[in-house]
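Biologist: I would be grateful for a close look at one part of this model, namely the place where the two chains meet. Please describe that part in detail and then relate it to its surroundings.

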Amino acid sequence: MVCAQVETSPRRCWQKVLYERQPFPDNYVDQRFLEELRKNIHARQYQYWNVVFESGAVVQQLCSVCVFVVTWWYMDAGVLSPQGLFGAALLTSLLGYVLFDAIDAGVGRRESGRTRWADLKSMLVFTAFTYGFSPVLKTLTESISTDTIYAMSAFMLLGHLIFFDYGANAAIVSSTLSLNMAIFASVCLASRLPRSLHAFAMVTFAMQIFALWPMLQKKLKARTPCCYVGVTVLFALVALMGLASVSSVGAVLFASLLLSISCLCPYCLIRLQQLKDNIHGPWDEAEIKEDLSRFLM
Amino acid sequence: MVLKVFFPSCCSSAESGILIGRWISEQNSAVILAVVHFPFIPVQVKHYLREVQQVTKVSVSVLGSWNNSKQEKEESLSEFLEDLGTIFSHEPWIQISKEGDSKFWNCSTLQKQSDIHREEEIILVYYDQRKVMLSHLHPPLDTADHGAEDASKLSAIFNTVANSKVLFMTDRYDDGPIKMTHWQSDGIEASIIVELMKQASVPACMLLTFLLSLVSGVCNSRVLKFWPLSFLWSKLSTCEQLGHRLQHLQVISSSKKAQNQTQLMRKANIFVSLLIDVALGILLMSWLYRKNQIGHLADTLIPVADHVAEELQDLLQWLMGAPAGLKMNRALDQVLGRFFLYHIHLWISYIHLMSPFIEMILWYVGLSACLGLTVALCILSDIIALLTFHIYCFYVYGARLYCLKIYGLSSLWRLFRGKKWNVLRQRVDSCSYDLDQLFIGTLLFTILLFLLPTTALYYLVFTLLRLLVVIVQGLIHLLVDLINSVPLYSIILRFCRSYRLAAGVKFRVLEQQDGKPLRLLMQINPLSYGNVVQTYRLPTYSCYPKDSWTSLCKKLFLGELIYPWKHKGEKQE
């Protein structure tokens, strides 16, 4: 239509190309320019309960850290015996191991091609190394001030929470770093415990709660969402109760934190999503959609 | 163009005759070498000049005439002199005439071929024939275009004089067919001692060569080349120094004549440095063996070694506590401390086992001082190295532990971040590890990180001790290198006969009179002492690595071992 108008005039129709010489200045555009403007093409519409369900991962991880710290507290106070903790951890691990295979009826195991012998070997390596190093761990930080250790552990656990893979596709996510930070924190805290057996039990427990438990959670979430919700709520309640037995103020604060993450934050997200105003058009820089990773190999 | 005439100042009182010398046409200058007196037979002169040309390879020819008239000017003589130009054809024909005792000479040139009589300006340059002949010109090192050109011009003149040495070396009382005036050497008779020594040096050199070949034959025998021995030889600085001196002796005693000035100076420098070295060594020996100094030395050596060991024990005790308020890992601290204490205990018992023999060993070792002060100093350095062997051991243990920790920590830190070092691409790549790998890696990382300060402190203390020993040894080696490399002969030459080493020349303007040619006096600029040392420095074997400071610090930080000697495979930076 625009061209039709232009044809009546003696001038030629403007084309958006640079390879032809045209009687227009370089920065000239005509009325068709803004026709290609698009808004919010990538913006997703969230459902409230879906977001709440997804925030379960964050809640779970917060609760894991909380449970770990509370357990360490009990161990340090001498309320919990290392044998008891190790036994309970062993039982829950076995339960979880059976559950892990039962959920998808062994499909995941067959796909990954991992044998039970490899699992046993890993388990043996964990226990043997932790047991062997526990006397070293015990005396490792003797001369370092307790406050330094606490600060370091807090810093490392925070890092663990920040870098944890919650399912988002972001550059900051690094499950390796997150797990390593958690192990570092657990070793630091374990070295404060009174005996080397305590340290051993503590590090094994940390391994279970920070490495094995998220794996089970992921599978639960993918296969049986209802079960996952139930487990999450239960776990959060356990963590809260544990924390309440140590410090009631802390429990209240932690509960409000969990609530705000699981209920308030999704609400805010959905409200703010409506205000989104992304514009797209031909001025956008080119985006490579194809997967180029095969060229990099 | 100006015509320059270089005139030997010793010929200024010569009788009338003809001038012989070399014509350098590129510079339009004449270098007069001698004056041939009347009477002479032209054929004989020509024959003589041809002979001289054959020997010296310098194109000596008759350049002009010289008229030294004591009385009034004789017309006939000057005409005769002009006529000489037709016999000895040379272009241009230079005529110099001196009247009475006048300082100012008449100079003129005759151009026979060209019809136009060009009046050329002439500069008379007086030079000291002896000094110029003996001096060796050192062209400036920075070869700027202009400077290099000047230097090459000057060296042409110097070479002309130096090469026509044959002309001056003829005997004073040897009457040839031609009578000449030039600088006259004193002949062979004057330096009879030098000549005798020259004659005697030939058999002496042959004997020395024979002995040296015997010694080097023994040194190169296969028995001494097996692994542990060859390793030991390469680490003992005494052996290096002896080998170096052996090479020097071989250079001196070689029957080959020195090719040029540089080689001659090198030989002389080596000879003088060897002499001085041996003289100092014998001085030292005479001091050592007087009044039983060796015994005193041996008596003090053992208590000193004991004292050092005690100090080290105190240091270790201090380190095993809480040194400087540092937070060390107590268990590791105790283990390391006890290990090192036991080592010192071993060392002390070893020293005490050795103590009865030390005086005897020192007595025999002291004899080696007659081989030179440098050898004695090298032996001292080796003895220090042997006596501080415990410090070296501590250093090696500390450095190995520290190095292990640093490398372990650096690779585990990569694992901690989920990265790994890609050897093929020489970069850090991301990598997905197994759960057990991560666990064990992080466990080790934590342990190494918390144990690092303890190891680092031990490493630091022992490295400082080691550096102290290395610095002492380095100073001794510096002294040895100094004695080895200082060109003493050149320096003495520069001091006593400064004209022998010329850096260039300067011209002094003499009195002048209108209508007479410009008169200049050429004087030789001696080479500065810094340049003398730089030019004639003897090459030394440098047995220590030439690390830059940054690479040294990097090595120290990474815990790599630092040696005062050079590795064979090590690349030079």
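Modeller: What follows is an account of the contact between chain A and chain B, and then of selected features in each chain. The model is a predicted one, and side-chain atom pairs are counted only at pLDDT 80 or more.

The contact draws on 32 residues from chain A and 24 residues from chain B. Between the two chains an area of about 2400 Å² is buried, and carbon and sulfur atoms give 77% of that area. On the side of chain A, A:L140, A:N180 and A:F184 supply 23% of the area that this chain buries against chain B, more than any other three residues. As a general point, the size of an interface is often given as the accessible area lost when the parts come together.

Polar links across the contact can be listed briefly. Six residue pairs are in polar contact between chain A and chain B, with both residues at pLDDT 80 or more. In chain A, the elements that give two or more residues to the side touching chain B are α6 (116-140), α7 (146-163), α8 (175-190) and α9 (196-223). Of these, α6(A) gives the most, with 10 residues. Sorted by class, the side of chain A that touches chain B holds 23 nonpolar, eight polar and one charged residues.

One salt bridge is counted between chain A and chain B. Its partners are A:E142 and B:R330, whose closest N and O atoms are 3.5 Å apart. This distance falls within the 4 Å cut-off for a salt bridge. A:E142 is partly exposed, with a relative accessible area of 37%.

Over all chains, the search of the whole structure finds eight salt bridges. One lies inside chain A, where the side chains of A:K221 and A:E54 meet at 3.3 Å, N to O. This pair links distant parts of the chain, since A:K221 belongs to helix α9 of chain A and A:E54 to helix α2 (residues 48-54), 167 residues apart. A:E54 counts as partly exposed, at 44% relative accessibility. In the salt bridge between the chains, by contrast, A:E142 lies in the loop between α6 and α7 of chain A and B:R330 in helix α12 (residues 330-367) of chain B, so that pair joins two chains.

A further salt bridge lies inside chain B, between B:E195 and B:K198, with the closest N and O atoms 3.7 Å apart. The two residues are three apart in helix α7 (residues 192-219) of chain B, and so are separated by about one helical turn. In general, an α-helix has 3.6 residues a turn, so residues three or four places apart point the same way. Both partners are partly exposed: B:E195 has a relative accessible area of 22%, and B:K198 stands at 48% relative accessibility.

Helix α2 of chain A, which supplies A:E54 to a salt bridge, also contains A:Y48. At 26% relative accessibility, A:Y48 counts as partly exposed. Leaving aside residues up to four places away in sequence, A:Y48 touches A:C263, A:P266, A:Y267 and A:I270. The C-alpha atoms of A:Y48 and A:I270 are separated by 7.2 Å, although the two residues are 222 apart along the chain.

The loop between β1 (38-39) and α2 of chain A holds A:N40. This residue has a positive phi of about 50° although it is not a glycine. A:N40 counts as partly exposed, at 28% relative accessibility. In chain B, B:Q426 also has a positive phi, of about 55°, and is not a glycine. B:Q426 lies in the loop between β10 (419-422) and β11 (427-430) of chain B, and at 54% relative accessibility it counts as exposed. For context, most residues other than glycine have a negative phi.

Chain B as a whole has 18 helices and 13 strands. Buried residues make up 40% of its 573 residues. Among contacts in chain B with a separation of 6 or more, 72% come from residues 24 or more positions apart. Helix α10 (residues 261-288) of chain B has 28 residues and reaches 40 Å from its first C-alpha to its last, close to the 40 Å expected at 1.5 Å a residue. The buried residues of α10(B) include B:M265, B:A268, B:N269, B:D277 and B:L288.

Conventions: Residues are numbered from 1 along each chain as its sequence is written. Chains are lettered from A and ligands numbered from 1 in the order in which they are written. This is a predicted model: local features need pLDDT of at least 70, side-chain atom pairs count only at pLDDT 80 or more; totals for chains, interfaces and linings use all residues. Side-chain values use heavy atoms; hydrogens and water are left out. Contact means heavy atoms within 4.5 Å. Buried area is the accessible area (1.4 Å probe) that two parts lose on being put together, summed over both. A polar contact is a pair of N or O atoms within 3.5 Å; within protein, one must be able to donate a hydrogen and the other to accept it, and residues adjacent in sequence count only if both atoms are side-chain atoms. Helices (H or I, at least four residues) and strands (E, at least two) are DSSP runs, numbered from the N terminus. Ala, Val, Leu, Ile, Met, Phe, Trp, Tyr, Cys and Pro count as nonpolar, Asp, Glu, Lys and Arg as charged, and the others, Gly among them, as polar. The expected span of a helix is 1.5 Å times one less than its number of residues. Buried means under 20% relative accessible area, exposed over 50%, partly exposed in between (1.4 Å probe, protein chains only).
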